[in-house]
Amino acid sequence: MSLVNDYFLLYHGITFEQNLDVEPIEATINEETFTIFALIISASRKNYDKFLPLTSFKTLCQQIKVKSPSNLNELNHLQHNIIETILQNKSKQNINILHSSFEYLKNENIINSEHYNKLLSLFEYKELDLVEEQSHNQVEKIDEENKSSFKELKTTLEELINELKNDISNKEVLEELENTKNYLDNQKFSIGITGVMNAGKSTMLNALMGREILGSAVVPETANLTIVKHNPTDTAKVYYWNQQEWDRIKKSAEQLESMREFVNETNRIFGENLKNYIRPVSRFDEVDIKDLSSYTSAEASGKKCNLVKYVELGSKLDFLSDGIEIVDTPGLDDPVIQREEITKEYISQCDMMLHLMNVSQSATLKDVEFIIDALLYQNISKLLVVITRADTVTKTQLDEVIKYTKSSIERQLRAQNKDSQLDYILKTIKFIPISGRMALLHRTGREQEALDAGFTLEDTGILEIEKYLTETLFGSNSQKGELVIQSSKTQIQRIIEKQNSFYNYELKLLSKSKDELEKELADFNKKKAVNTRIFQAMSEDINYYKNDAKTYINSLETFLQSELIDLQTVIKQRVVSDVRYSFEKTKKRPENSRIKVIVETAIKDGIIDVIRDYRYKFIKKSQTIGEQCEQKYHDMGFTIGHKNENFDARGFFQDDFKSGFLTSNNEVLVSLITEAVSKSKESKINELDREIEGFISNQFTSIEEDIKSKAKKVSTLLIDSFFKTLNAPLKSFEQKLKNDEETLQNQINSFEETDKNRAQISIDIHKNIKKLETISTTIKGLY
């Protein structure tokens, strides 16, 4: 997707950002068309309701041969298609028409100055440079079939790193090579496993890993989130709730009956001993993996599972050796809603998700809601739905289950007014049926029992799942794999450039006499004092900008707080308006299920909008700082990043602020509002308004704290990384001068010895430079 479209989506708060079908605008492209485009794309989430009802707006839509949108989702979809049409027909004349149209809308007070400036920034001429687009098109022509997998590319890069290390003696360069190798080796690929209780998660995982590390043999009826990592020996750590988390659980129990029973049971069993487990900072115990079930099983006596937040398992299984981590979640229908929050927290960081559904009870409302939530709100780009216990039904029945699941997703999306994203979601999901029990028999030396039941290993479905996992995580189209490889390639190329510069300087010195070398050292020392002052001034500037950025982060917290207060008002108004409308039209209160959808959707969409606006402001500030630093570097004679490219802050924050902000469970708030609505009367809507406002204000405290904490944490980490990058050219140049001085001094000290072998040393250096060029060419050819 183009940078223009990326910024447009960011500004307008559109939730779909990839894999969206583009429906081309069929209207004739002319000046009038672009004028209409300008009006339609100027509508934002904050003013669209003023546009859509207008007859004139509908007439304009007819003129460009598109259906007039009836809601925000349809408007966003139309705007997305218009942007693509603009990009396909961009010219200076057409963009001039857009700019003029935006100015007219501002002068007529249809949009304000801030809105106008944002729209202009989205359609700057430099953003629409045709040269960039041509180079992008050339990249698109790469033959996909020739792309190597992540594992193949990783192996090749590691071999090239080892080859470089054999010929380099510079400690700094060797350290950078080792860091790059560690970066490649330490990449983790996470698989999230979800499903309702008894969906068959543990059985399938045991089959994948070829050993009963989970399930009836070790962890029967797992009641906690379990993270499985590779480790030379089998280990187990049990982490307990901390005091703050337990207080939230108790508070939830005041409103939810299921939670109340859980808290009462825990207090009854542990009594005073509870404080030994629930501490201000989470306690953890290292336990024997054979005894793990006594901590995690809902059936174990003692009910320690009530106190356990999550479990970390270490295993030497080959399946995990490629950096795979498995996040095995408790059942979605767990009564402890905080476990669902932890599940969402981990799932949002996973590279892919496997959702298991028992064929006999598949596509429950909880299943469907979780699938939609994961794809729309948790940044999951790959989802495999595994239909378990496939050996208990026929092929026709399996097909019916898959068809029913798809139709259930469609119904739920329409209920949430998000049917425009139906195609995207269904294309993101793959379905595979499996007989986990039969697969486990094959993988644990009991294959004859499975064969007697009529199941070969291929028939179980486990091989198809493994193929899907391998291709998704490590295949040629792995998004994360490609990012890791490209980053490593860039790091190695920079190291090669640095070493090449070092060799060329050696060659330059090799051609000089001793007198010339000593004169150069004298000149070098004169410049050294000047450079020191320049570096000090630049360092002070960068530190000033960094402090400025940190101060700005603090101001953004105030922005978040203000926006979240506005969101509370929006939630209340939507509920109250729906109740009032229902009384007027049907003389009845709205259904509880409808109120639930209204509250949940308003919270999630609202938070996404707030975070998107936060990200927009964060990037804008970073862009300004980056451009200022770029100018100062330019004045010093070197650049940030690649030559002949303007600084672009978006490259630093491409995939941030997209997940982890929607992990709060809102069941208590939904329960309170639903109960209030169920008792509401047409004559007392104002009382309902005040009651709901109180509920929302009380429950939003923890949501607000969570979002502000996460936003500040993400922003601070990004700022540190951002300024590390901004500071890199300065550090690199300082190190280069230091290396050059050291090389020059060594040449003087060893001149007599060097002079005897000048010809051979020169040949050896040229060979090394040629070798670097060959390795560099090899790296450039990797894809």
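The paragraphs below lead through a predicted model, beginning with the confidence of the prediction and moving on to some strands, a lysine, two cysteines and a threonine.

Since the coordinates come from a prediction, it helps to begin with the confidence values, and here the mean pLDDT of the chain is 84, with 90% of its residues reaching 70 or more. Two stretches call for more caution when you look at them on the screen. Over residues 130-144 the pLDDT stays under 50, and the model has 7 contacts beyond four places in sequence for this stretch. Over residues 216-220 the pLDDT likewise stays under 50, although for these residues the model has 15 contacts beyond four places in sequence.

A good place to enter the fold is strand E1, which covers residues 189-195. Because 7 of the 7 residues of this strand are buried, E1 is largely enclosed by the rest of the structure. In a regular strand the side chains alternate between the two faces of the sheet. Both faces of E1 are covered, with Phe189, Ile191, Ile193 and Gly195 buried on one side and Ser190, Gly192 and Thr194 buried on the other.

Which strands are joined to E1 by bridges? One of them is E6, which runs parallel to E1 and is joined to it by 5 bridges, and within this pairing Gly192 has Val327 of E6 as its bridge partner. Another is strand E7, made up of residues 352-358, which also runs parallel to E1 and is joined to it by 5 bridges; here the bridge partner of Thr194 is His355.

From E6 the path leads on to strand E2, for E2 and E6 (residues 324-328) pair in the antiparallel sense over 3 bridges, with Val228 standing opposite Ile326. Strand E2, residues 225-230, also pairs with strand E5, residues 308-315, this time in the parallel sense and over 6 bridges. Val228 can be followed into this second pairing as well, since its bridge partner in E5 is Leu313.

Strand E5 also contains Lys309, a residue that deserves a closer look. Is Lys309 buried or exposed? With a relative accessible area of 10%, Lys309 falls under the 20% limit and therefore counts as buried. The side chain of Lys309 makes a polar contact with the side chain of Glu245, at 3.0 Å. When its neighbours within four places in sequence are left aside, Lys309 is in contact with a set of residues that includes Asn224 and Leu225, Tyr239, Tyr240 and Trp241, as well as Ser282 and Ile342.

Turning to the cysteines, Cys350 is buried, with a relative accessible area of 8%, and Cys629 is also buried, at 0% relative accessibility. A disulfide is a covalent bond between the sulfur atoms of two cysteines. The structure holds 0 disulfides.

The last stop is Thr754, which is found in helix H28, a helix of residues 751-756. At 12% relative accessibility, Thr754 counts as buried because this value is under 20%. A polar atom of the Thr754 side chain lies 2.9 Å from the backbone oxygen of Ser750. Beyond the residues up to four places away in sequence, Thr754 touches Leu510, Gln747 and Ile761. With Leu510 the chain brings together two residues that are 244 residues apart in sequence, their C-alpha atoms being 8.3 Å apart in space.

Definitions and conventions:
Residues numbered from 1 in each chain as written. Predicted model: local features only at pLDDT ≥ 70, side-chain atom pairs only at ≥ 80, totals over all residues. Heavy atoms only, no water. Pairing = 2+ DSSP bridges. Helix = DSSP H or I, 4+ residues; strand = E, 2+ residues; numbered from the N terminus. Buried < 20%, exposed > 50% of the residue type's maximum accessible area, 1.4 Å probe, protein only. Polar contact = N/O pair within 3.5 Å; in protein donor to acceptor, adjacent residues only side chain to side chain. Contact = heavy atoms within 4.5 Å. pLDDT = per-residue confidence, 0-100. Disulfide = S-S within 2.5 Å.
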